[in-house]
Amino acid sequence: MGFRNLEVIAAKVSAIVHATEDVDRVLRALSRVFPDGSLPSGAETRRFHGHFGNEIRMVDLSIRGAPARSFLEHLWKRLPSYDRASVIHSLDKHLDSSGGLHLRLDKEEVVRGIITLKDQDPIKIHLSFRTRIKSNLNPSEEIGQLLESLENSREDSIELSEMAG
């Protein structure tokens, strides 16, 4: 399925949990971002102290290999069409110098079960890629093609489910 030149090799998901937030609630929200609804093993939680001495926790989750590809596919399907279009149309704003894709989800909305993009107090997602076959395309073009292929496969699966129903 999708574009085979580019391979998703890793996904890192992180969120700040403020002193006023329930850590378990944020962890449950993070699990909604993953395909099977459960957090990957090895979640790392670090504790910091904020400006006023309040405790802040940083939760980091990492996945590699095939689960990272499934993660991207699942996340892309769950994003609203306007968010997907925004990412594709302003892709350079979401890429770093090494070709990593950065997305920021609205943490409060994810707690409610809605996956949408937002820059303030986000759940941060960083996806890393590797090119399988030498290509004349730059990383931005390759990632754009991958996202377009996910978009097309999403539309195909919607059409199939409508025909079956």
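Leaving aside its neighbours within four places in sequence, which residues is His-74 in contact with? The views below come from a predicted model, and the first of them takes up this question.

**View 1. His-74 and its contacts.** His-74 sits in helix H2. Once its neighbours within four places in sequence are set aside, the residues in contact with His-74 are Arg-32, Val-33, Phe-34 and Pro-35. His-74 has a relative accessible area of 18% and is therefore buried, since buried means under 20%.

**View 2. The aromatic pair of Phe-34 and Phe-71.** Searching the whole structure turns up one aromatic pair. The ring centres of Phe-34 and Phe-71 are 5.0 Å apart and the ring planes meet at 40°, so this pair is tilted. It links distant parts of the chain: Phe-34 belongs to the loop between H1 and S2, while Phe-71 belongs to helix H2 (residues 66-78), and the two are 37 residues apart. Phe-34 has a relative accessibility of 4% and so counts as buried. Phe-71 is buried too, with a relative accessible area of 0%. Phe-34 also appeared in View 1, as one of the contacts of His-74.

**View 3. The five-stranded sheet.** Here you can follow an open sheet whose five strands are ordered S2-S3-S1-S5-S4, with antiparallel pairing. Strand S2 (44-49) and strand S4 (101-106) are the edge strands, each pairing on one side only. On average, and ignoring direction, neighbouring strands of this sheet are turned by 20° against each other.

**View 4. Where S2 meets S3.** Take a look at the antiparallel strands S2 and S3, which are joined by six bridges. To find a bridge partner for yourself, start at Thr-45: its partner in S3 is Val-59.

**View 5. Helix H1 lying across the sheet strands.** Helix H1 lies across S1, S3 and S5, and runs at about 160° to S1. Which residues of helix H1 (residues 23-31) are buried? They are Val-23, Val-26, Ala-29, Leu-30 and Ser-31. Among the elements that cover these buried residues are strand S1 (6-17), strand S3 (55-64), helix H5 (107-111) and strand S5 (122-131).

**View 6. The start of helix H1.** This last close-up shows Asp-22 and Asp-24 at the start of H1. A side-chain oxygen of Asp-22 comes to within 3.0 Å of the backbone nitrogen of Asp-24.

Key. Residues numbered from 1 in each chain as written. Predicted model: local features only at pLDDT ≥ 70, side-chain atom pairs only at ≥ 80, totals over all residues. Heavy atoms only, no water. Buried < 20%, exposed > 50% of the residue type's maximum accessible area, 1.4 Å probe, protein only. Helix = DSSP H or I, 4+ residues; strand = E, 2+ residues; numbered from the N terminus. Contact = heavy atoms within 4.5 Å. Polar contact = N/O pair within 3.5 Å; in protein donor to acceptor, adjacent residues only side chain to side chain. Pairing = 2+ DSSP bridges. Axes fitted to C-alpha atoms, helices over the stretch in contact; angles between N-to-C directions. Phe/Tyr/Trp six-rings, centres within 6.5 Å; stacked < 30°, edge-to-face > 60°.
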